[in-house]
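Please read the following report alongside the sequence and the coordinates. It moves from the overall make-up to a helix pair, the nonpolar core and two loop residues.

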Amino acid sequence: MLQYGLSQYETPSYVRHGNGRVLGCPPHWRIDYAQTKANGGLIVMREGRRSSKVKRYTDPNATWKDRSQEYRRITRAKAEELAKTLNLDQEDPAYISLDIRKAPSKERVSNDESESDDDVVMGSKSVDYRDIHGKSVYKDQDEDLLQTTSDQEEEGAESALDALQRRRTVLDAELRKEPKDPEKWLEFISIADDIDLVTSRRLVVGVSAHSTGHAEVKLSYFDRALLHNPTDERLLLEYMNCYRQAYPSPKVLAKWDELLQSNRIRSAWPGLWIEYLDYRQRHQLSFSVTSFVSVAQEALESLSNVCRMLWNDISRNRADVDIRNRLVRFESVMVHVIARVCTFLKQAGYIERAQAILQGEMEFLFSVPSDLLDESFDTRLGELEDYWDKEQPRFGEKDAKGWTHYFTAKDVARVDYLLDTIALPVKDDPMDDLFRPFVEADKDRFEFGRWARMEKEMNAACWFPIRTSESDAMPAQLEDDPYGIIMFDDIRPFIVDLHTTEAKTQFVDCMFHFQGLPVSLTAGSNGLSQQRQSTSTAQVKSRSFGCYNPYFHDGLLLDVGLDSTYSTQENNPGLSRIFPPIMTVERAEEMVRKEIEFSIKDCELEEEDWSCVWNLPLKVFTQGTDTIFGKHGGSEKKNHRYPWAAVSSHDEVQQCNKEFVRNSLKQLIEVVPMEKTYRRGLMLHHIMMETFDNMATTKELTQAYSKVESSLELMNGQAQSEMALGRIKEARKAYRKILSISQSLPEDHQNRLPLVHRFYAELEWEHGRPGVALEILSLLAEGSQANISNIPDAKDKNDVPFPSPTRIVKARQFYSQKAAQLHLVRPAHSSNDHPVGSQWFEPALDLIVCYAWFEYLSAPKAAGSEVEAGIKVFENAIQELDRRNPDTEINSGAELLDQSVLNESVSMRSILLPAHLNPISGPATSTDSKKGPKRKICTTAEAEMLWIQLAKMVYFHSIRAGESSREGQSFGAGFQPRALRRIVHSGLERFPNCSILQSLYFWTEAKQRVHGRVRTWVNDQVAQSVSGAPSRTGYPSADKNVLWIFGLYYELWHQDTYNVHTIRTMLESALGSSSKANSFSSSPNLWLIYLELEVRESIRQKSIREMGQGTKGTSSSGKDIDAEFGVRIKGMLHRALADCPWYKDLYLFAFEPRVRSLFSLEELEALYETMLVKEIRVRQELPERVSRDIEMDHGGDVAMAEDS
């Protein structure tokens, strides 16, 4: 394949040679025009069949007819028709026929003569489909066309247009026989798009590439498809997307209303409401905060009615699994809508109302008084209103005990007003008076900037609803703002009843994501499996709140945005997370100085720090103990030798709503009756949050929770928090204490002992004591006979000898027997979205990890067998999961590999290679004559957890091998980077969204200075995701939003100075990747990143110009650099506001000190007026312009002079 580049606007790097050929390519290669136009800027080459005949001439002037594709098409004309056209008789010896093929059969000729141009379609004279290219015809006599390859194809004479039309004819016939096949309808309509692109010679694929007439033709296809499939979700979505292209907005809104009024459609697919919300939120002309909120209220009311009927059906027949699945599906969409509305209100400036909705819903779901459980929904809602109006402590507030407590005990609690505990920004800051003398020439812009800064600071400070009792002592900053006090009528439409435990758990996850703490204890990176779409795709969006849906705040900028008051990375954590440090002249000189110094000393440069790979903006992976705490703490570099992914970091915890999150976690754990394993996970998150917030030990908190529930998970969490702080001695003491009392623990605690041995052994191995690590793993096998005296004291830094061969053999037998006894079958009561989630698998995972590390440490250090021994354990477990819990069918056709791969061990190849490159795949469960053999694999959260631990072991091994080689020590047979690359790449085949595997892919390629493979992988995955076509291999498809962020972060960080042109191209591709309503251009954070990129580049170019380097202040086009960047930034901001008209920070970006000089005062005032029209929250009025008053005074003086 050839490619223009990352953008279709770039100049191609190849030269056309005529007739579809490309200079430098083999002469028998031709450009496939249909595939090229269907794939945008990707040029697809096809290989024509080479002729086996010996060429008689080599002169191009004599052989052009043989090689010309266009000339060969003439040969497809029938000799009889051509002769008739030329008024020549076919038998005339003066006439030479151009048809070099065999003569048509008599049957074909007779059929052609007997039928008119209005060919018979399945025995009927009527033609049902409209087609701008001709009638869709299928003949019973042309069965050979459907079964065999034509002579034209064998000779390479068939054009791309002919192939598309032939395929359309085949689909036409199949759809007439079986019209209830949505996939074939979508393929049929897609082919119509391809034909339109080919015939119209358009080069751009997208909405603008197709004419309005073609959209109307497609609508006729959709009408017939929906006649037979009225509730298919994909057909409905594509139908509305096409309708939006063909008609103006009023008709589109009317069509949406028509669809949503259909009870049949609403009851079949609730996700239609989500698509409608996407459209209404992005439609700038009809958008306003009130209109969008009313649409969300209508959606919740409709969904609640359906859920109420389904719950009544379940009450009558609890054994009906299908009805319960439908209820989970509808309630997942309701959770999505509520979280969507809260995020929308927060981004529009109404954060108090969003917070009140979450508080009210949490009280209604988890704190309903027992006396009201059997009452109707309206009765319970009325009682909640009474509780709200009494203004007792609410959920997430200090000393809150829940609605149940105040309802039953009739307790009147004292409320601590939050207004008394925060420092509001003041209007007249003394620091501003220091700057006023320097801005007299531009005083209006200075006052506008102060107003914007006040708005942002007030939004950050006033996150809580203000009570009516506080209105008498309202601060001056809030006197003119009526939206801070939230009445119950403001939240009433968003209080809904959720019946299933799955939906309630999802809502808790979304609530914590909204506050800035990513809690997701049950979901994997794949979300719902591709093969088990029993619930709507909206459930994926709600379960992965902030990661999959661009309308949710995806946490790219730590929930603080690009603060206009700070323009340096040291003061803005959002900037430091996304962008690498600016390459200043001083930094460049320091790098050159170090290189010269090391070259003089004749030594190698210091190892480059690649810890940035663990700071990906999106955290999409299955959360476990090692990822909850991570390895980012400590003050010494040795504590960071083996960095690992973490759910949150110190900076991220500092930016979340700490007070509300802390109180919410405490209340959910101590007051609300949560599921046991889920509550234990919340405890670990609370310990993690307090650890990173205070950077101090959390022994008191752990002891308090141990009184609520004593478990080894909490004890291990305390030791992990010590490790996160770099307190290795304290962590060792905690683990020794657990092992000393392990034999006296209850039986249910004994099953979790592998958890402690696993993390304790990893701790000792990471700090250079493999003998101690192996001793700890051997103690687990010895059970009651274990003697912890062999483990050195926490203060002792020396290693111990390896256990005796006899003990190692006995331990190996123990692990092999326990591994064989594992029952890796998902329980019947558990599902991929059950609150238990993968908890049933964690004890087995701990044992497998202990077994793998035992084999790794005890294997002989020769030929790299130690890491292969550990890999073999994970390999067997993954194969067992594939056999016991298959959920995805993939193609496993074998292809020959290069000799270097064939020389590797069988155990490495059988599971770690992609199926289409695996010559020894397991037995295929089914076979397809067209796609080859197939086999089933497991892509659930359990398989992802195993694969992450496998990659972790090989990753740590590679770091250890690299350190040993630099220190001149022997470490087995060394390490080959391709081993980790192969494991990571194979893991990404199954889990393309997993950010841990993406980070490892980044690390291994950056270490080897190989960048092409990462770009290629991202481009391929994004192209497949955007096209919507199923994967060729059958593996799960990646989410394009996650991939865009990963690709953007990789391009920014993989080299010291990023290529700004590459970043621009990637951002343009991401923001324009889809014409649908849910495209990534609806992500306000991505627009802010793009704007910041241009601002930083403008500053960099200015500094280069001032230093006398580069160009003399002009670009290659001759325009001034500052003016060019100014036009670009202004145009980009207008584009961003057109796609995200609800996002307040985008409006305030124009008032930032670095860019406000680009806008005139009239333009800034126009942006303010737009905010008022769109009903964006404005807490203070924009100051009056001083320059306008001066102009008016001058005008009055002139008038008086004229009168005199």
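The account below begins with how the model is to be read.

This is a predicted model, in which local features need pLDDT of at least 70 and side-chain atom pairs count only at pLDDT 80 or more, while totals for chains, interfaces and linings use all residues. Residues are numbered from 1 along each chain as its sequence is written, and side-chain values use heavy atoms, with hydrogens and water left out.

The protein holds 52 helices and 9 strands, these being DSSP runs numbered from the N terminus (H or I of at least four residues for helices, E of at least two for strands). Of its 1204 residues, 53% are buried, where buried means under 20% relative accessible area, exposed over 50% and partly exposed in between, with a 1.4 Å probe and protein chains only. Among contacts (heavy atoms within 4.5 Å) with a separation of 6 or more, 70% are between residues 24 or more positions apart.

Helix H16 (residues 321-348) packs against helix H23 (residues 501-515) at an angle of about 15 degrees, and their axes are 9 Å apart; axes are lines fitted to C-alpha atoms, for helices over the stretch in contact, and angles run from 0 to 180 degrees between N-to-C directions. The two helices are therefore roughly parallel to each other, a term for angles under 35 degrees. On the H16 side the contact includes Arg 324, Val 328 and Glu 331, and on the H23 side it includes Gln 506, Phe 507 and Phe 514. The residues of this contact divide into 9 nonpolar, 3 polar and 4 charged, with Ala, Val, Leu, Ile, Met, Phe, Trp, Tyr, Cys and Pro counted as nonpolar, Asp, Glu, Lys and Arg as charged, and the others, Gly among them, as polar.

The largest nonpolar core has 286 residues, and those with the most contacts inside it are Leu 668 and Leu 1146. Its largest share, 14 residues, comes from H16. Such a core is a set of buried Ala, Val, Leu, Ile, Met, Phe, Trp, Tyr and Cys residues joined through side-chain atoms within 4.5 Å. Beyond its neighbours within four places in sequence, Leu 1146 is in contact with residues including Pro 1084, Trp 1087 and Cys 1140.

Two glutamates have a positive phi although neither is a glycine.

| Residue | Phi | Loop between | Relative accessible area |
|---|---|---|---|
| Glu 391 | about 60 degrees | H18 (377-389) and H19 (403-408) | 13%, buried |
| Glu 1175 | about 65 degrees | H51 (1161-1173) and H52 (1186-1203) | 29%, partly exposed |

How values were computed: Angles under 35 degrees count as roughly parallel, over 145 as roughly antiparallel, 65 to 115 as roughly perpendicular and the rest as oblique.
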